[in-house]
There are 2 protein chains.
Amino acid sequence: MSDKRDEILDVAEGLIRTSGFNGFSTRDVADVVGIKAASVHYHFPTKADIGVAVTERYTDRFIEALGDPDRFEDARSALTLYVDSFRRALVRDRKLCLCAVLGAEIGGLPTEVGEHTRIFFERNIEWLGRALIASSGVSPARAKADAAHILAALEGALIVSMSLGDRSVFDTVGKRLISLAG
Amino acid sequence: MSDKRDEILDVAEGLIRTSGFNGFSTRDVADVVGIKAASVHYHFPTKADIGVAVTERYTDRFIEALGDPDRFEDARSALTLYVDSFRRALVRDRKLCLCAVLGAEIGGLPTEVGEHTRIFFERNIEWLGRALIASSGVSPARAKADAAHILAALEGALIVSMSLGDRSVFDTVGKRLISLAG
DNA sequence: GTCTATAACGAGATAGAC
DNA sequence: GTCTATCTCGTTATAGAC
């Protein structure tokens, strides 16, 4: 059983991924969890603390679920896995990637939350770069450029797909990114 | 000279592109324009009205600035122009595309604002599709898939570039999209 | 760890004077 | 077309009882 702290983070993550950091209130979270807003502040003194905790947890889980980037035999299987981890956000959760949302409103976030959003992108580029180097032997510079391209295209594809209510936009982008790898 | 109505839209657009629709208030707009919040409501009864007007104007200007999609001799010149129109958002304005921001928080927007965000994406896919068909003779289905891919990659590249404070991410993506066209 | 109560503030919006 | 004044409500956050 997850304790209340985790429950608060679960609900806050869902709300941010739907409406943005400035689109939810501590009371919104409290209502879903079934406690009062004041009790939320017992676990997280400020709203920014919630934002930081949600983003750290999201990033850790995301990278951990990807597993060891050095294990892939070919770039195609690495990319298939990577694309699918974004696809799950859309299909399973019917939500965007947390950091696509936070990155879009980065100028209006508490500094620490913006900082952790940046770390999500950096860790993703690092994971993807390593996976590409290990599986296809490209140069580090090329791997980093490829990684940034793939990450950006997937985040954008989530946003456009969700806005149009058309999952095929994401799937088209995903397939092309995979086929570019060979 | 732009009247107050346009000034309000200018300021609101800038604030949304920095902090999101839920990240600014009518008073924020009023302060920059140099009037009171009540006077903003004279021009736009509700905040949603501001959002709709900003998005409609943004979309019209964006598509109009692209010009006739049927005029291109080759896909490369069409794409160079298109990529550059997104690059300007980042380099000249130091902001994201309005609809990258709105699309990311689409679940937390007034319905009409979300609707106009969708229209921005649709009109962009239509423009790009026509430009690709005219310049390289691809099939309508292929053109639409290409268009969605290009649009999504550019929107995502803006977000990742801005979050990382690294313009080269956008430029890398832009160059690759252009070179994919031949 | 959760509650009630409350503070202190900002939000969206309206009425009516000028 | 802009102002002051006001309303109502939501927001973040704290104090202190249970």
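Visitor: Which element gives the largest share of the surface near DNA strand C?
Guide: In this predicted model, 15 residues surround DNA strand C, among them Ser39(A) and His43(A). Sugar and phosphate make up 69% of the strand's atoms that come within 4 Å of the protein. The largest share of the surface near DNA strand C, four residues, comes from helix 3 of chain A.

Visitor: Which backbone atoms lie by a phosphate oxygen of DNA strand C, and which elements give two or more residues to the surface near the strand?
Guide: In chain A, a backbone N or O atom of Lys36(A) lies 2.6 Å from a phosphate oxygen of DNA strand C. In chain B, a polar backbone atom of Thr26(B) is 2.9 Å from a phosphate oxygen, and a backbone N or O atom of Lys47(B) is 2.7 Å from one. The elements that give two or more residues to this surface are helix 3 (37–43) of chain A and helix 3 (37–43) of chain B.

Visitor: How many residues of the surface near DNA strand C are charged?
Guide: The residues closest to the strand include Lys36(A) and Lys47(B). By class, the surface has six nonpolar and six polar residues, and the number of charged residues is three.

Visitor: What is the area buried between chain B and chain A?
Guide: The size of an interface is often given as the accessible area lost when the parts come together. Here 38 residues of chain B are in contact with 38 residues of chain A. Carbon and sulfur atoms give 71% of the buried area, and the total is about 3000 Å².

Visitor: Which three residues supply more of the area that chain B buries against chain A than any other three?
Guide: The area buried between the two chains is about 3000 Å². Of the part that chain B buries against chain A, 19% is supplied by His149(B), Ser163(B) and Arg176(B).

Visitor: Which residue of chain A forms a salt bridge with Asp146(B)?
Guide: Side chains of opposite charge can pair when their charged atoms come close. Across the interface of chain B and chain A there are two salt bridges. In one with Asp146(B), the closest N and O atoms are 2.4 Å apart, and the partner is Arg176(A).

Visitor: Which element gives the largest share of the side of chain B that touches chain A?
Guide: Between the chains, four residue pairs are in polar contact, both residues at pLDDT 80 or more. The elements of chain B that give two or more residues to this side are helix 1 (4–19), helix 6 (98–104), helix 7 (111–136), helix 8 (140–164) and helix 9 (167–180). The largest share, 15 residues, comes from helix 8 of chain B.

Visitor: How many residues on the side of chain B that touches chain A are nonpolar?
Guide: Chain B has 38 residues in contact with chain A. Twelve of the residues on this side are polar and six are charged, and the nonpolar ones number 20.

Visitor: Why does Asp146(B) count as buried and Arg142(B) as partly exposed?
Guide: These side chains meet in a salt bridge at 3.0 Å, N to O. Both residues lie in helix 8 of chain B, four residues apart, about one turn of the helix. Buried means under 20% relative accessible area, and partly exposed runs from there to 50%. Arg142(B) is therefore partly exposed at 46%, and Asp146(B) is buried because its value is 13%.

Visitor: Are Glu13(B) and Arg17(B) buried or exposed?
Guide: The two side chains meet in a salt bridge at 3.1 Å, N to O. Both residues lie in helix 1 of chain B, four residues apart. Glu13(B) and Arg17(B) are both buried.

Visitor: How many residues apart are Asp60(B) and Arg123(B)?
Guide: Asp60(B) forms a salt bridge with Arg123(B), with the closest N and O atoms 2.8 Å apart. The pair links distant parts of the chain, helix 4 (residues 47–66) and helix 7 of chain B, and the separation is 63 residues.

Visitor: With which residues is Ser85(B) in contact, leaving aside its neighbours within four places in sequence?
Guide: Ser85(B) lies in helix 5 (residues 75–91) of chain B. At 11% relative accessibility, Ser85(B) counts as buried. Beyond its sequence neighbours, its contacts are Phe62(B) and Leu66(B).

Technical notes. Residues are numbered from 1 along each chain as its sequence is written. Chains are lettered from A and ligands numbered from 1 in the order in which they are written. This is a predicted model: local features need pLDDT of at least 70, side-chain atom pairs count only at pLDDT 80 or more; totals for chains, interfaces and linings use all residues. Side-chain values use heavy atoms; hydrogens and water are left out. A residue is near a molecule or strand if one of its heavy atoms lies within 4 Å of it. A polar contact is a pair of N or O atoms within 3.5 Å; within protein, one must be able to donate a hydrogen and the other to accept it, and residues adjacent in sequence count only if both atoms are side-chain atoms. Ala, Val, Leu, Ile, Met, Phe, Trp, Tyr, Cys and Pro count as nonpolar, Asp, Glu, Lys and Arg as charged, and the others, Gly among them, as polar. Contact means heavy atoms within 4.5 Å. Buried area is the accessible area (1.4 Å probe) that two parts lose on being put together, summed over both. A salt bridge is a side-chain nitrogen of Lys or Arg within 4 Å of a carboxyl oxygen of Asp or Glu. Buried means under 20% relative accessible area, exposed over 50%, partly exposed in between (1.4 Å probe, protein chains only).
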